[in-house]
Amino acid sequence: MDRVKKGETEEISQQLAEDVIHYLEACLENQEKVSMAVSGGSTPAALFQTLHSNYADLALWQQVHIFWVDERCVKTSDPESNFGNAREMLLKLGIPKKQLHPMYTGGSVTGACQFYEKLMKKHIPAQINDIPVLDLVLLGLGEDGHTASLFPGKDHHIETGLCCVAQHPNTGQWRISLSLRTINATKCVVFFVLGNNKAGVVAHILSRKDAAELPASLVNPAEGVIDWYVDHAAASAM
Ligand code: 6PG
């Protein structure tokens, strides 16, 4: 089931930030710590900024562990680095540095992918069928229907690992991504999508018709609910 919240860009970012805080607080009523995986690209910055403006230094950030949904295999100082772009803002929220878990910091891509699988098993207590259960995954959406670094034309649903190595179809850039298997084991999956350029793919995926070739349409979380936060521009073809 898809639950869709729409609003102007600032309004929907505020709404998502508020709902994220309420969700994390609810999780922490029954858990010592909470695990949230964030995507890269440009969209998440709107959420991080809103969280920083309204919810910085809340006590709960001391109990939050941040993972990445995917990462470009570049130096963390590279402007392409998802971790590099988010680190400062997340630290400013009050999340301890040791609780930011970058996916790639150099070296072998395959080795980093295998290391991340072990790291997730170490830091995420809840596991189902040996798959770490993230509390919250914040996904973006590409115009081609990709999410994370799960690009069209690949057999993502047969991936057996927790993470996978991918290559951007246009640039050839090496990536590491959570696998569909791991994403679908998540308690709460959120798509956060902004901008008119995403309107067609948002409408296509939410229509759930003939979208099977789009990786984002293969996201089907364990709890069966996907929450969409889209601005009016991205919702304009629905
Ligand atoms: C990445 C992301 C990717 C992103 C979409 C949307 O590393 O690029 O994880 O899946 O979420 O490409 O990107 P924008 O938010 O920049 O539109």
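**Entry 1: S13**

I began with S13, whose side chain reaches the backbone oxygen of T9 at 2.8 Å. I note that the model is predicted. S13 is found in helix α1. I looked up how covered S13 is and found a relative accessible area of 2%. S13 counts as buried because that value is under 20%. I then listed its contacts, leaving out residues up to four places away in sequence, and found A46, L47, T50 and F192.

**Entry 2: the nonpolar core**

Which residues have the most contacts inside the largest nonpolar core? I found W68 and W228, in a core of 78 residues. Helix α1, residues 9-27, gives the largest share of this core, with seven residues. I wrote down a general remark beside this: in soluble globular proteins, nonpolar side chains tend to be buried together.

I followed W228 further. Not counting residues up to four places away in sequence, W228 touches D2, R3, V4 and K5. The same list for W228 goes on with L141, F191, V193, V202, I205 and L206.

**Entry 3: helix α6 and the residue after it**

Helix α6 runs over residues 199-207. I looked up its buried residues, which are A199, V201, V202, A203, I205 and L206. Against which strands do they pack? I found β1 (2-7), β10 (188-193) and β11 (226-231). Three of the names in this helix, V202, I205 and L206, were already in my list of residues that W228 touches.

Just after α6 comes R208, with a positive phi of about 55 degrees. R208 is not a glycine. R208 lies in the loop between α6 and β11. Its relative accessibility is 36%, so R208 counts as partly exposed.

**Entry 4: N129**

I looked up N129 next, which also is not a glycine and has a positive phi of about 50 degrees. N129 is found in the loop between β5 (127-128) and β6 (131-132). Is N129 buried or exposed? At 64% relative accessibility N129 counts as exposed, because the value is over 50%.

**Entry 5: the ligand**

I counted the surroundings of the ligand and found 15 residues. The closest are T43, D70, H146, A148 and K198. I then went through polar atoms that lie by oxygen atoms of the ligand. For R72, a polar side-chain atom lies 2.7 Å from a ligand oxygen. For N82, a polar side-chain atom lies 2.9 Å from a ligand oxygen. For S42, a polar backbone atom is 2.8 Å from an oxygen atom of the ligand. On its own the ligand has 420 Å² of accessible area, and the protein covers 88% of it.

**Entry 6: the loop between β7 and β8**

T147 is in the loop between β7 (136-139) and β8 (163-167). What is the relative accessible area of T147? I found 1%, so T147 is buried. A polar atom of the T147 side chain lies 2.7 Å from the backbone oxygen of G140. Leaving out residues up to four places away in sequence, T147 touches L139, G140, F191, P215, A216 and V219.

F151 lies in the loop between β7 and β8 as well. F151 counts as buried because its relative accessibility is 3%. Its contacts, leaving aside neighbours within four places in sequence, are D144, H146, H156, Q167, H168, P169, R175 and P215. P215 is among the contacts of T147 too. H146, in contact with F151, is one of the residues closest to the ligand. I also took one distance across the model: F151 and A234 are 83 residues apart in sequence and 20 Å apart in space, C-alpha to C-alpha.

**Entry 7: cysteines**

How many disulfides does a search of the whole structure find? The search finds zero. C113 is in no disulfide, and the nearest cysteine sulfur, in C163, is 5.0 Å away. Why is there no bond from C163 to C113? The two sulfurs are too far apart at 5.0 Å, because a disulfide needs them within 2.5 Å. I checked the cover of both residues. C113 has 6% relative accessibility and counts as buried. C163 counts as buried as well, at 3% relative accessibility.

Methods
Residues are numbered from 1 along each chain as its sequence is written. This is a predicted model: local features need pLDDT of at least 70, side-chain atom pairs count only at pLDDT 80 or more; totals for chains, interfaces and linings use all residues. Side-chain values use heavy atoms; hydrogens and water are left out. A nonpolar core is a set of buried Ala, Val, Leu, Ile, Met, Phe, Trp, Tyr and Cys residues joined through side-chain atoms within 4.5 Å. Buried means under 20% relative accessible area, exposed over 50%, partly exposed in between (1.4 Å probe, protein chains only). Helices (H or I, at least four residues) and strands (E, at least two) are DSSP runs, numbered from the N terminus. Contact means heavy atoms within 4.5 Å. A residue is near a molecule or strand if one of its heavy atoms lies within 4 Å of it. A polar contact is a pair of N or O atoms within 3.5 Å; within protein, one must be able to donate a hydrogen and the other to accept it, and residues adjacent in sequence count only if both atoms are side-chain atoms. Accessible areas come from the Shrake-Rupley method with a 1.4 Å probe; for residues, only the protein chains shown count as cover.
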